Amino acid sequence: MSATVLVTGGTGGLGVAVTRTLADAGWRVVVPWHSAGAAERLGSHPAVVPVRADLLDADSVAEVVGVATSDADAPLTAVANLVGGFAMGKRLHETPVEDFQSMLRLNLRPLYLTTQAAVPHLIEAGGGSIVTVSSKAAFAPFSGASAYVTSKAAVWALTSALAVEYARDGIRANAVLPSMIDTPANRADQPGADRSGWVSPERIAEVVAFLCSDASAAITGAQVPVPGVAER
């Protein structure tokens with residue numbers, strides 16, 4: 001293990017695949033977890049370091065970054081920001097502002113706090129990679145998801161700002177834009193859906209791993225679409 005990657009949302013349907021892919025590729029992978037039983041989903045890979053944390057709290061995020069930077073032989077050089085969520089609702093005039101604020105808070109606050117805490121260490125390491133998860137829906141909206149669409153568009157806006165602000169520090173920032181992700185939770189929520197256009201967590205994980213690696217050193221400020229096969 002020559003470097004560390006911090007993976008937020010690493011115990012979720014997408015996150016477990018990303019964590020395993022990065023660990024198998026030789027990374028030391030630090031994964032915050034919060035809810036009961038979440039850490040068990042990571043298995044027992046020796047390269048994975050679970051840390052209990054609340055990513056909505058700045059002090060807790062600072063502790064996680066402290067763990068991620070605690071191994072001098074594996075400096076922190078990448079952050080994969082996967083934490084977030086989706087909530088379907090009604091049209092905007094029927095949506096309480098509290099629901100709107102909740103979606104913005106979930107999809108943006110952990111991203112902001114984690115990036116803010118990690119960037120000084122990436123600068124110290126001579127550069128690195130920040131990967132975020134926006135959504136195809138941010139650029140192809142659908143009715144009943146104005147809060148989600150807005151929050152994921154904001155994820156991209158923040159990512160593009162990071163790419164500009166930290167280019168001289170050797171830090172690149174890129175966003176993946178999945179379509180519907182083929183997770184057990186999404187299958188349960190939509191049992192009758194046509195899944196031919198869904199994308200597997202493993203396929204997205206391969207893209208995230210590439211963007212974290214030195215192989216993507218020339219790429220920054222990119223929107224990387226990762227749709228299902230039927231949408232290509």
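One cavity of 30 Å³ or more is counted, a cavity being a set of points, on a 1 Å grid over the protein atoms alone, where a 1.4 Å probe fits but cannot get out. The model is predicted: local features need pLDDT of at least 70 and side-chain atom pairs pLDDT 80 or more, while totals for chains, interfaces and linings use all residues. Residues are numbered from 1 along each chain as its sequence is written, and side-chain values use heavy atoms, without hydrogens or water.

Select first Thr8, Asn81, Leu82, Val83, Asn107, Leu111, Thr132, Val133, Lys152 and Val155, which line the largest cavity; lining residues have an atom within 4 Å of a point. Its volume is about 60 Å³, the space filled by probe spheres set on the points. Helix H3 (97-124), strand S5 (128-133) and H4 each supply at least two of the lining residues.

Keep Asn107 displayed and add Ser151, in helix H4 (residues 146-165). The two side chains make a polar contact (3.0 Å), that is, a donor and acceptor pair of N or O atoms within 3.5 Å, where residues adjacent in sequence count only if both atoms are side-chain atoms. Ser151 is buried, with a relative accessible area of 0%; buried means under 20% with a 1.4 Å probe, protein chains only.

Next, select Leu82, Gly84, Gly85, Phe86 and Ile181, which lie nearest the centre of the largest pocket among its 45 lining residues. A pocket is an open set with protein on both sides within 12 Å along at least five of seven lines. The volume of the largest pocket is about 1300 Å³.

Conventions: Helices (H or I, at least four residues) and strands (E, at least two) are DSSP runs, numbered from the N terminus. Buried means under 20% relative accessible area, exposed over 50%, partly exposed in between (1.4 Å probe, protein chains only).
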